[in-house]
Amino acid sequence: MQESEYHAMAALEERHWWYRSLRSRVLARLEAEAGRLGRPLEVFDAGCGTGGLLLALRDQPWIAAASGCDAHPVALAYARSRGLTVTEASVNDLEIGPGRFDVVLSMDVIYHRDVRPAAAMAAMASRLRSGGLLLLNTAAMPCLWRDHDRRVMGGRRLLPDPLGRLAADAGLKVEHLGYWNSWLTPVLWLQGRLEALGSSETAQGSDVQLPPPWLNRALVMLL
């Protein structure tokens with residue numbers, strides 16, 4: 001991503017409705033997985049960014065260990081300043097197995113234009129123990145492409161069928177595949193059309209902003 005996006009992420013990810021909503025869903029799914037296994041989880045965040053999700057995992061009783069990787073030095077600096085266990089690596093170049101993690105997380109990573117989706121998916125799958133879980137989130141619907149995708153160096157928005165094929169080709173069995181915020185589709189589509197009429201391509205800095213507190217709370221509740 002552009003460096004400005006990492007600074008914006010680090011400043012806002014503990015409060016912004018999007019990050020809070022996604023993190024809440026991930027934590028709930030991980031807690032359920034720990035309950036299913038009957039023990040705390042070992043988790044790896046592939047493409048951890050500035051470390052907001054890893055930070056949320058650190059004090060959970062159902063997490064035995066949580067670590068991650070990222071390729072961008074700014075992201076790594078933020079994560080390490082938070083005392084997180086992270087290594088410098090691209091998801092394209094993750095070492096293949098042997099699997100040692102109960103869960104591998106991939107939050108909006110294969111969407112990036114510099115990521116090779118098939119290679120990244122296969123490498124992440126190889127890091128899982130037998131029966132382990134890959135929990136993945138990515139931007140969807142090519143029709144929703146907008147200026148924000150350019151700012152964060154997005155390369156692709158995926159539909160369910162191509163994403164499912166990527167998982168199958170990596171030897172994974174799909175447990176669930178679907179949309180979790182599809183009610184935002186009309187808003188994002190309209191935003192993309194309005195941006196196309198303007199001059200947003202020349203805008204500088206991040207477009208991620210914290211909305212008014214009442215709206216931020218409402219969006220967290222809705223999602």
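The legends below describe close-up views of a predicted model of one protein chain.

**View 1. The whole chain and its confidence.**
The protein chain contains 9 helices and 5 strands. Read from the N terminus, its elements follow the order α-α-β-α-β-α-β-β-α-β-α-α-α-α. Of its 223 residues, 49% count as buried. Among contacts between residues at least 6 apart in sequence, 72% join residues at least 24 apart. The average pLDDT of the chain is 88, and 89% of the residues score at least 70. Confidence is highest in β1, at 98, and lowest in helix α8 (residues 185-197), where the mean is 64.

**View 2. The five-stranded sheet.**
Five strands form an open sheet in the order β3-β2-β1-β4-β5, and their pairing is parallel. The edges are taken by β3 (86-88) and β5; each has a single partner strand, so one side of each lacks a neighbour in the sheet. On average, and with direction ignored, neighbouring strands of this sheet are turned by 20 degrees against each other.

**View 3. The β1-β2 pair and the helix across the sheet.**
Strand β1 runs parallel to β2 (residues 63-70), and 6 bridges join the two. Within this pairing, Glu42 stands opposite Ala65 in β2. Helix α5 (residues 117-126) lies across β1, β4 and β5. The helix runs at about 135 degrees to β5.

**View 4. Helix α2 from end to end.**
Helix α2 covers residues 17-37, which is 21 residues. At 1.5 Å a residue the expected span is 30 Å, and the end C-alpha atoms are 30 Å apart, so the length agrees with expectation. Gly38 follows the helix and has a positive phi, near 75 degrees.

**View 5. The buried residues of α2.**
The buried residues of α2 include Trp17, Tyr19, Leu22, Val26, Leu27, Leu30 and Ala34. Ser21, Arg23 and Glu33 are buried as well. The helices that the buried residues of α2 pack against are α1 (3-12), α3 (52-57) and α9 (213-222). These residues also pack against the strands β1 (41-46), β4 (101-107) and β5 (128-137).

**View 6. The largest nonpolar core.**
The largest nonpolar core holds 28 residues. Val26, Leu30, Leu57, Val103 and Leu105 have the most contacts inside this core. Two or more residues each come from α2, β1, α3, α4 (73-81), β4 and β5. Helix α2 gives the largest share, 6 residues.

**View 7. Surroundings of Leu105, and a separate core.**
Neighbours within four places in sequence are left aside here. On that basis, Leu105 is in contact with Val26 and Leu30, and with Val43, Phe44, Asp45 and Ala46. Leu53, Leu57 and Leu135 are also in contact with Leu105. Apart from the largest core lies another, of 21 residues, among them Cys69, Met124, Leu163 and Leu166.

**View 8. Asp108 in the loop after β4.**
Asp108 lies in the loop between β4 and α5. Its phi is near 55 degrees, a positive value in a residue other than glycine. Most residues other than glycine have a negative phi. Asp108 has a relative accessible area of 27%; buried means under 20% and exposed over 50%, so this residue counts as partly exposed.

Notes. Residues numbered from 1 in each chain as written. Predicted model: local features only at pLDDT ≥ 70, side-chain atom pairs only at ≥ 80, totals over all residues. Heavy atoms only, no water. Helix = DSSP H or I, 4+ residues; strand = E, 2+ residues; numbered from the N terminus. Expected span 1.5 Å × (residues − 1). Buried < 20%, exposed > 50% of the residue type's maximum accessible area, 1.4 Å probe, protein only. Contact = heavy atoms within 4.5 Å. Pairing = 2+ DSSP bridges. Axes fitted to C-alpha atoms, helices over the stretch in contact; angles between N-to-C directions. Core = buried A, V, L, I, M, F, W, Y, C linked by side-chain atoms within 4.5 Å. pLDDT = per-residue confidence, 0-100.
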